[in-house]
Amino acid sequence: MIQESVQKNEAQSGARVNLSKVNLQFKEKVVIENLNLTLEAGSFTSLLGPSGCGKSSLLRILAGTQPMTSGQLEFMPFRPRLGIVFQDSNLIPWRTVEENLQLPFEIRRESFKNIDEELARVGLLSAKKNYPFQLSGGMKMRVSLARALVDRPEILLLDEPLAALDETTRQLLQEDLRTLWNDSRMTVIFVTHSISEAVFLSDRVVVMNSYSGQNQIIDDRPIDLGEVRTEILRQDPVYLKNCADLSRVLRPLK
């Protein structure tokens with residue numbers, strides 16, 4: 001579980017993101033066309049939609065690993081620190097937990113920092129000398145999250161990081177991720193196929209559809225369920241109504 005006793009680091013905060021008239025095309029295939037989206041600093045937004053609608057491609061554009069065909073991407077502040085977590089934890093098997101977190105600093109030839117603090121935040125300080133094969137799936141994902149947070153990112157990009165986990169572990173990590181966001185107020189963009197996950201985690205859900213000559217963003221709604229979210233929220237009528245409403249939006253898309 002996330003250690004709530006760790007104090008908020010005031011230097012860590014979110015960045016504003018603005019995407020304007022973004023287009024992405026691979027040969028004859030249009031993936032994203034004329035997409036406009038603004039994400040406020042410190043917001044938690046989920047991108048929801050069917051496979052192939054451009055969610056992960058949009059995340060890669062934000063990460064700088066996928067060039068746009070055309071359009072504008074603006075950050076405020078300029079060149080914010082980014083953290084990225086994928087569906088696979090992508091841990092190096094011959095390195096300990098601690099050594100996996102040291103890797104970003106080694107690449108940049110910088111001194112190690114924040115490692116013990118981030119491992120404490122995700123409840124894995126006692127496992128820092130362990131190797132990935134000694135960890136459960138949920139523990140590996142916590143390490144991957146800690147590695148993304150060790151640089152104190154202003155923007156955290158998550159591409160279905162919990163999809164491969166069992167339901168109980170997935171729900172626990174959802175609660176932990178929400179706690180981490182409350183602590184740091186970084187800007188989070190979370191890609192998921194799960195309606196319930198998007199509603200539980202987010203303050204805003206953006207629904208995308210595959211390109212069909214129309215606006216790819218077909219629904220964009222705030223999720224007003226308070227800042228602190230725990231297991232009891234999953235039975236709340238407002239939570240359930242948001243899930244039902246989004247299900248109706250998505251049903252024709254499948």
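A residue counts as buried when its relative accessible area is under 20%, and as exposed when that area is over 50%. Keep these cut-offs at hand for the exercises below, which work through a predicted model.

**Exercise 1. Two residues with positive phi**

Task: Classify Glu-160 and Lys-21 as buried or exposed, and say where each one lies.

Solution:
- Step 1. Start with the backbone of Glu-160: its phi is near 50°, a positive value in a residue other than glycine.
- Step 2. Place the residue: Glu-160 is in the loop between strand 6 and helix 5.
- Step 3. Apply the cut-off: the relative accessibility of Glu-160 is 16%, so Glu-160 is buried.
- Step 4. Turn to Lys-21, which is not a glycine either and has a positive phi of about 50°. Lys-21 belongs to strand 1, residues 16-26.
- Step 5. Apply the other cut-off: with a relative accessible area of 54%, Lys-21 is exposed.

**Exercise 2. The span and burial of helix 4**

Task: How does the reach of helix 4 relate to the span expected at 1.5 Å a residue, and how many of its residues are buried?

Solution:
- Step 1. Helix 4 covers residues 137-149, which makes 13 residues.
- Step 2. From first to last C-alpha, helix 4 reaches 19 Å, close to the expected 18 Å.
- Step 3. Helix 4 is mostly covered, with 10 of its 13 residues buried. Among them are Val-143, Ser-144, Ala-146, Arg-147 and Ala-148.
- Step 4. Look for the cover: it includes strand 5 (82-85), strand 6 (155-159), helix 2 (97-107), helix 3 (115-121) and helix 5 (167-184).

**Exercise 3. Helix 4 against helix 5**

Task: Which arrangement do helix 4 and helix 5 have relative to each other, and which residues make their contact?

Solution:
- Step 1. Read off the geometry: the two helices pack at an angle of about 20°, and their axes are 11 Å apart.
- Step 2. Angles under 35 degrees count as roughly parallel, and helix 4 and helix 5 are therefore roughly parallel to each other.
- Step 3. Add the handedness: the crossing of helix 4 and helix 5 is right-handed.
- Step 4. List the partners: helix 4 brings Gly-138, Met-141, Arg-142, Leu-145 and Leu-149, while helix 5 brings Thr-169, Leu-173, Asp-176, Leu-177 and Leu-180.
- Step 5. Sort the residues of this contact: 6 are nonpolar, 2 polar and 2 charged.

**Exercise 4. A cis peptide bond**

Task: Which residues does the cis peptide bond join, and where does Pro-77 lie?

Solution:
- Step 1. The bond joins Met-76 and Pro-77, with omega at about 10°.
- Step 2. Pro-77 sits in the loop between strand 4 (70-76) and strand 5.

Methods:
Residues numbered from 1 in each chain as written. Predicted model: local features only at pLDDT ≥ 70, side-chain atom pairs only at ≥ 80, totals over all residues. Heavy atoms only, no water. Helix = DSSP H or I, 4+ residues; strand = E, 2+ residues; numbered from the N terminus. Expected span 1.5 Å × (residues − 1). Buried < 20%, exposed > 50% of the residue type's maximum accessible area, 1.4 Å probe, protein only. Contact = heavy atoms within 4.5 Å. Axes fitted to C-alpha atoms, helices over the stretch in contact; angles between N-to-C directions. Parallel < 35°, antiparallel > 145°, perpendicular 65-115°, else oblique. Left-handed = near helix turned anticlockwise from the far one by under 90°. Nonpolar A, V, L, I, M, F, W, Y, C, P; charged D, E, K, R; others polar.
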